[in-house]
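Colleague: I am new to this model. Please pick one part and take me through it closely.

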Amino acid sequence: MLYDLNIAWSPTTPAHELEQTLRFAKNLGYDVVALNHQISNGSIPNLPNQIINPIPQLTPPHSSFPGGASLPSVSTKPGTVTNLSTTAASSSITTSSSSASLPTVLRRATIIINDPATTNYRVADFTRAYDLVALRPTNEKAFSWACLQVTEVPAIISLDFTTFLGYHIHHRTAMAAVHRGSRFEICYSQVLGGVDSRARSSFIGNVLSLVRATKGRGIIVSSEARNALGLRGPADVVNLLAVWGLGPEKGTEAMGVGARAVVVNEGVRRRGFRGVVDILKTAEGGENLAPDDDGEQDGTGNGKGAGKNQGKQQQQKGNKQQQQGKNQNQKRKNGDADGTGIGGAADGMSKRQAKKMRKEGAKGP
């Protein structure tokens, strides 16, 4: 399965244009996509205002998230599917035959970070409201915070590679973020279209710096396409990444296995208890106890055969303990066949005493 976890969305996006983009992504071979809503640092609501997800739920949830295909979905009306992974008011949609030609759609928020002090306390609220949460730092302080110090580890760290970063991406910082569970994102659509040569050269240089710092590990590839013209086929994307320094194997993994790991991990975090304990299927009914040989059961529901089996087990256990006791009594300390020790000494006599007695016997009267 191929994933594109960044298709640009805004409240002003026309519905027909969005549907055209999703259909084209499905035709290119992408099975799972994510609609990305960029949120600037100044538009984050303060407490106690609730974070609301404005992205519509166009398809049923992914199988890794609550309410997905592999789990029982919660339906309020016939033909209505509820996404339990979000708290948005638009989480209920009406399924239709047209959704079959669309890829599985996730809802993602990308928070632009200028000052970490004004954002850290609301990252957990965004995580509960959206399926995926990404951070886009704009300076070195914000980048270091997103990699090392953020309390709620983001699923994706996305950078605007068309601009001059102003800092180096160090190996220790980048790999610390990867070990914490974050993935770095390369958006190839940033360099396509009407961009100048300065932005294109900055993009290539920044991608090479990221690949050098991470050695190709912990990288996913997305499009960040604003329309269908910004999408490219998987083979074209792999060729572009090979030109930019990422090998074909790593490029294919960035659109498949690596992106799938991000989606599955985020689904487990929302479906399980603290991202560790997960209930796959609840037990149905109680334990059925088999009746005894006579087919009779007592008042507690346990047959007489259960009591007989228990008695046999206790008898076998007693026989085993008795046999072990006999084996222990048969052991001899440095023993011979006649029950004496070394040199015919009786049990309880030390070697020194036996040697002394042999010397006295040799001397004679």
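Modeller: Start at one pair of residues: S158 stands opposite E185 in strand 8. Strand 7 and strand 8 are parallel and joined by three bridges. Two strands count as paired if DSSP finds at least two bridges between them. Strands (E, at least two residues) and helices (H or I, at least four) are DSSP runs, numbered from the N terminus.

A word on the basis. The model is predicted, so local features need pLDDT of at least 70 and side-chain atom pairs count only at pLDDT 80 or more, while totals for chains, interfaces and linings use all residues. Residues are numbered from 1 along each chain as its sequence is written, and side-chain values use heavy atoms, leaving out hydrogens and water.

Now widen the view to the sheet. It is open and has seven strands, in the order 1-2-5-6-7-8-9, with parallel pairing. Strand 1 (2-9) and strand 9 are the edge strands, each paired on one side only. Direction ignored, neighbouring strands are turned by 35° against each other on average. Helix 7 (residues 248-255) packs on this sheet and touches strands 1, 2 and 9. The direction of helix 7 makes about 70° with that of strand 9. Axes here are lines fitted to C-alpha atoms, for helices over the stretch in contact; angles run from 0 to 180 degrees between N-to-C directions.

Strand 9 holds S222. S222 has a relative accessible area of 1%, so it is buried. Buried means under 20% relative accessible area, exposed over 50%, and partly exposed in between (1.4 Å probe, protein chains only). Beyond residues up to four places away in sequence, S222 touches D4, L5, N6, E185, I186, C187 and Y188. Contact means heavy atoms within 4.5 Å.

Just before strand 9 comes G218, in the loop that follows helix 5 (197-214). G218 is also counted as buried, because its relative accessibility is 16%. Its contacts, leaving out residues up to four places away in sequence, are V178, R183 and F184. G218 and F184 are 34 residues apart along the chain, yet their C-alpha atoms are separated by 6.2 Å.

Move to strand 5 (residues 104-113). Eight of its ten residues are buried. Strand 2 (residues 30-39) runs parallel to strand 5, and eight bridges join them. One facing pair is N36 with R108. Strand 5 also pairs with strand 6 (residues 132-137), again parallel, over six bridges. There I113 stands opposite P137. From strand 5 the chain crosses through helix 2 (residues 123-129) to strand 6, a right-handed β-α-β crossover. Right-handed means that, with the strands pointing away from the viewer, the path from the first strand over the helix to the second runs clockwise.

F126 is among the residues that touch the most other members of the largest nonpolar core, which has 59 residues. Such a core is a set of buried Ala, Val, Leu, Ile, Met, Phe, Trp, Tyr and Cys residues joined through side-chain atoms within 4.5 Å. Neighbours within four places aside, F126 contacts I39, I44, I51, A109, I111 and V133. Another core of 14 residues lies apart, with Y3, V32, I156 and V262 among them.

Finish at helix 3 (residues 140-149). A142, F143, W145, A146 and C147 are buried there. The buried residues of helix 3 pack against several elements, including strand 5, helix 2 and strand 6.
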